[in-house]
Amino acid sequence: MMSPLEFFKNLPKKMCAECGDHIDEQAESYLIECDRCLSKKEE
Ligand SMILES: [Zn+2]
């Protein structure tokens, strides 16, 4: 059985298109940028 860590390593990681940070998977899975970069643009 795979450990949880192995399982997550095999998932495609979502990276922010702006800063390259990992994006937490959420309902808004179409987002390609992290919350930080998105909020910057909204200012
Ligand atoms: Zn970002």
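**Notes on a two-helix chain**

1. Let's start with C19. Setting aside residues up to four places away in sequence, C19 touches C34 and C37. Touching, or being in contact, here says that the C-beta atoms of two residues, placed from the backbone, lie within 7 Å.

2. A quick word on what you're looking at. This is a predicted model, where local features need pLDDT of at least 70 and side-chain atom pairs count only at pLDDT 80 or more, while totals for chains, interfaces and linings use all residues. Residue numbers run from 1 along each chain as its sequence is written.

3. Now the overall layout. The protein chain has two helices and zero strands (both are DSSP runs, numbered from the N terminus: H or I over at least four residues for helices, E over at least two for strands). Helix α1 covers 4-10 and helix α2 covers 35-42, with C19 in the loop between them.

4. How much of the chain is buried? Buried residues make up 2% of the 43 residues in the protein chain. The call rests on counting other C-beta atoms, placed from the backbone, within 10 Å of a residue's own: 20 or more is buried, 12 or fewer is exposed, and anything in between is partly exposed.

5. Back to C19: is this loop residue buried or exposed? C19 counts as exposed because it has 11 C-beta neighbours inside 10 Å. Go over to helix α2 and you'll find R36, which also has 11 C-beta neighbours inside 10 Å, so R36 counts as exposed. C19 and R36 sit 17 residues apart in sequence, with 9.2 Å between their C-alpha atoms.

6. D21 is another one to click on. It lies in the loop between α1 and α2, and it is partly exposed because 14 other C-beta atoms are within 10 Å. Which residues does D21 contact, leaving aside neighbours within four places in sequence? They are M15, C16 and C34. So C34 turns up in the contacts of D21 as well as in those of C19. Measure along the chain from D21 to C37 and you count 16 residues, while their C-alpha atoms are 9.8 Å apart in space.

7. Last up is I32, which has its place in the loop between α1 and α2. Why is I32 called partly exposed? Because there are 13 other C-beta atoms within 10 Å. Try finding A17 from there: I32 and A17 are 15 residues apart along the chain, and their C-alpha atoms are separated by 5.7 Å.
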